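Me: I have a structure open and would like to go through parts of it. Can we start with one helix and work outwards?

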Amino acid sequence: MRAFLLLLTALAAFGQETAIREDRLRADVHFLASRALEGRLSLQRGGDVAAEWVASEFAKIGLEPLTGGSYLQEVPLIEFRRDDRETSLTVHLPGETQTYHSPAISARFPEDLHVRGRLVFAGFGITAPEFGYDDYAGLDVKGRVVLVFDHEPQESDPRSPFMGKGNTKHAGTYVKQLNAQRHGAAAVLLVAEPLRAHPSNEQRRARISSSAARDRFLPLQALADSELKIPIVTISEELCETLLKPSGKKPAEWQRAIEAQLHPVSTAMAGSEIELQLVNGERRRGVTHNTAGILRGSDPGLRDEYVVFSAHHDHDGLHGDDLYGGADDNASGTAGVVELARAMHAAESRPRRSILFVVFAAEERGLLGSYQFVAHPPFPIERIKTVINFDMIGRNEAKSPQTDGLIEIAADTSNELNLIGTPFFPGYREVVESQNREVGLRLNYKWDEDAALNIFFRSDQYPFVLQGIPAVWWFTGFHPDYHQVTDTADRINYVKMARILRLALRSGVAFANR
């Protein structure tokens, strides 16, 4: 009987696979990446049109609305631009006071704020009981400013309990900021780890030719009801040396001391106080939208559980004559979610669990749509059993300034798909690999050993991972057109994109039926 059911599942999946059409994918990506949608920037007209288009497609398909008869979930945002001239960090040391501005400091906090508190060095800012490691053990940081290193200890050591050369959730700045807040800190100062074997985030971004201009024209955004209530300020390595000077040790010595025994060496900096003045020159509130629809499952006992297909619809907008259309990033993922909804709804049979198709807003601004969804789910979040997240599934991975010298890229990636996050959910990988026997993509897991580009934290599967939900990013890789005006619809590999969606469909049905 079990073999018969598996055969029926495979036949049903095959029937749905044939309904995935390259011509529709091509038409949808061309529309989403067109000048008419103005680059789909959150809180701009083009972003609103993209969300409404997805909702319209879900309605035509016949999906069940998310809640209250609507396919749209509000994502209230604060949009702001920091005032770099007025924003400052003042260091009060015994007999010495010095004030710093940009570029020595960089803040992304939506509220004007004044903070003054004693300085505490908190190592990597990590509390990880599963690894027996806690930088805050025995440390009082209530009302104080904590200084932490980016990433994780021993990240160049393949034997490290922190995922070897990869990243765990604790390496992300979101988790560091939230952890400091839970320990009562007033603010966080973040600096690149001194003994890193890769460029810092700032150095990596500087490799991309348009990064500086993009930072100037793009406003910052944050969730209006974000759980992050304290600021995090990135500081230069030179400033970090000044802050740690009272300890008598340089930053590299502190890192070596931590990594030698994988034991925290956190300490208060005696006589040191930090004064932060955060000022924003512009600030406004607005609302963007996630878009979601449900294909209700067939099993009365499982239909209130969900497998999720997700993507994000936003990109970087229209600036003068420069259109950042984001055909790969992420018109490809958006079109993919919609096409899967068409194929699965048209099928004769339904999977046992329900399928949730969701396209998030404001991913480019910091995964804001997915953080909002996870914080305000339309049903208990534990009902979500698996997430297949599409972000850039339309191109062949190629060498670019983003990745030069940091990751090995195959000579031919025309049939390659990267999966990111499977080490945390080995059963997920087993299902996808099993279904791929009928599809024949070359699956690559190289990004799970990345500690340089922060890939694990950079798409909408991550907020679900933080909730313990098996969520994996499906990704065809970086290329020279990443975040450039040249990321256009004519450069998409639609044959490969359709093949990826066929694998996703088979895997999604398997997850929903197991």
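Reply: Yes, and keep in mind that the model is predicted. In helix α8, which covers residues 251-261, the buried residues include P251, W254, Q255 and I258.

Me: How are the buried residues of α8 placed, seen down its axis?
Reply: They fall within an arc of 95°, so they line one face of α8.

Me: Which exposed residues are on the face turned away from that?
Reply: A260 and Q261 sit on the face of α8 that points away from its buried side.

Me: And what do the buried residues of α8 pack against?
Reply: Their partners are the strands β6 (113-121), β8 (133-134), β9 (145-149) and β13 (267-278), plus helix α7 (237-244).

Me: What happens just after α8?
Reply: L262 has a positive phi there, about 50°.

Me: New topic. How do α2 and α13 cross?
Reply: The axis of α2 (residues 22-32) comes within 10 Å of the axis of α13, and the crossing angle is roughly 110°. Angles of 65 to 115 degrees count as roughly perpendicular, and α2 and α13 are therefore roughly perpendicular to each other.

Me: Which residues meet there?
Reply: From α2, E22, L25, R26, V29 and H30; from α13, Y494, V495, M497, A498 and L501. By type, the contact of α2 with α13 has seven nonpolar residues, one polar and two charged.

Me: What about the largest nonpolar core?
Reply: That core has 107 residues, and those touching the most other members include F464 and W474. Helix α13 (residues 494-513) supplies the largest share, twelve residues.

Me: Which core is separate from that?
Reply: A second core, of 35 residues, is separate and includes Y100, V145, F149 and F162.

Note on methods
Residues are numbered from 1 along each chain as its sequence is written. This is a predicted model: local features need pLDDT of at least 70, side-chain atom pairs count only at pLDDT 80 or more; totals for chains, interfaces and linings use all residues. Side-chain values use heavy atoms; hydrogens and water are left out. A nonpolar core is a set of buried Ala, Val, Leu, Ile, Met, Phe, Trp, Tyr and Cys residues joined through side-chain atoms within 4.5 Å. Buried means under 20% relative accessible area, exposed over 50%, partly exposed in between (1.4 Å probe, protein chains only). Helices (H or I, at least four residues) and strands (E, at least two) are DSSP runs, numbered from the N terminus. The arc is that of the directions from the helix axis to the C-beta atoms. Contact means heavy atoms within 4.5 Å. Axes are lines fitted to C-alpha atoms, for helices over the stretch in contact, and angles run from 0 to 180 degrees between N-to-C directions. Angles under 35 degrees count as roughly parallel, over 145 as roughly antiparallel, 65 to 115 as roughly perpendicular and the rest as oblique. Ala, Val, Leu, Ile, Met, Phe, Trp, Tyr, Cys and Pro count as nonpolar, Asp, Glu, Lys and Arg as charged, and the others, Gly among them, as polar.
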